[in-house]
Amino acid sequence: ARDWNGIEQVVLRVPRGASAKVSLHGGQVISWKNERGEELLFTSSKAIFKPPKAMRGGIPICFPQFGNCGSLEQHGFARNKVWSIDDDPPTLHSNDSNGKVFVDLLLKPMEDDLKCWPHCFEFRLRVSLSMDGNLTLISRIRNINGKQFSFSIAYHTYFSVSNISEVRVEGLETLDYLDNLCQRERFTEQGDAITFESEVDRIYLGTPNVVAVLDHEKKRTFVIRKEGLPDMVLWNPWEKKSKSMLDLGDDEYKQMLCVDAAAIERPITLKTGEEWTGRLEISAVPSSYCSDH
Ligand code: TA6
């Protein structure tokens, strides 16, 4: 399939009906649907489909820098680049040992990247869908033969929710976080589930490998399982900031919540030949699950 600028998309589909769509633009998952065809990721109705800008929604890959405290553009360049299908060996639409359908994407530095970030890396991203519709993203980043480099990374995941005021996040209680709304000052989270009634832009540190996002109205819980990604970003722009964003509808903040598995506080450092792996698996389960979560 081809997307907005003739850039390829890969559609993953499993027999029970769940599907996912990945654009080679940015290696971005732009759709994840359950077996009833319901879209589980948020996409802005005002998304700008104009490379190199990243489409607002889905799961942009923030690499090699999260945010704007560094020398690169906000969230780094990976989400603005066209990736290739890693067909060595051909793996498109393959089934792996436990029946997952997956595609392997590859990003290597281009000339202009080397100017702003002079490091020889290879970024392999495997996007897979399990038979029961769970979505998994596995990143393998290798320092091919250059001098040591460090990076931060985040799977900038826009979950689709029915009403942000009816959403709860479990698993981040009592943790420290850096508040992007207060110059990344460090605070400690309260002792119970997080709810939302205003703009939130926080980096939780040392987070557990399972976090739950409960959507009360939809009676749905997103279960986020991660490995190698110690931090978790929570972001909702709320009303005022939404109005200042060209590519987000004024009221759409009510239907989205970014919960990004990430490695930010302690950037990852790779010596020549070393490889790092970061894994994210998300599933959408009926809320009955969360009662004994
Ligand atoms: O998710 C945290 C954050 O850094 C917010 O501060 C906000 O800027 C968001 O990412 C979106 O960034 P983007 O560059 O995609 O508009």
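**Around D215 and strand β19**

In this predicted model, the side chain of D215 sits 2.6 Å from the side chain of S162, making a polar contact.

Q: Which strand does D215 lie in?
A: Let's place this aspartate first. The strand in question covers residues 210-215. D215 belongs to β16.

Q: Why does D215 have no salt bridge, and how far away is the nearest side chain of opposite charge?
A: D215 is buried, and its nearest oppositely charged side chain is K218. A salt bridge needs a Lys or Arg side-chain nitrogen within 4 Å of a carboxyl oxygen, so K218 doesn't qualify. The distance to K218 is 4.6 Å.

Q: Which residue makes a side-chain polar contact with D215?
A: Leaving out residues up to four places away in sequence, D215 touches S160, V161, S162, E166, V167, R220 and S287. The side-chain polar contact is at 2.6 Å. The partner there is S162.

Q: How many of the 15 residues of strand β19 are buried?
A: Now over to β19, which spans residues 256-270. This strand is mostly covered. The buried count is eleven.

Q: Which residue in β19 stands opposite S150?
A: Strand β10 (residues 149-155) runs antiparallel to β19, with six bridges joining the two. Opposite S150 in β19 you'll find T269.

Q: Which residue in β19 stands opposite Y158?
A: β11, residues 158-160, is also antiparallel to β19 and is joined to it by three bridges. Facing Y158 in β19 is C258.

Q: What is the bridge partner of M232 in β19?
A: Strand β18 (residues 231-236) connects to β19 through five bridges, again antiparallel. M232 pairs with A261.

Methods. Residues are numbered from 1 along each chain as its sequence is written. This is a predicted model: local features need pLDDT of at least 70, side-chain atom pairs count only at pLDDT 80 or more; totals for chains, interfaces and linings use all residues. Side-chain values use heavy atoms; hydrogens and water are left out. Buried means under 20% relative accessible area, exposed over 50%, partly exposed in between (1.4 Å probe, protein chains only). Helices (H or I, at least four residues) and strands (E, at least two) are DSSP runs, numbered from the N terminus. Two strands pair if DSSP finds at least two bridges between them. Lys and Arg count as positive and Asp and Glu as negative; His and the chain ends are not counted. A polar contact is a pair of N or O atoms within 3.5 Å; within protein, one must be able to donate a hydrogen and the other to accept it, and residues adjacent in sequence count only if both atoms are side-chain atoms. Contact means heavy atoms within 4.5 Å.
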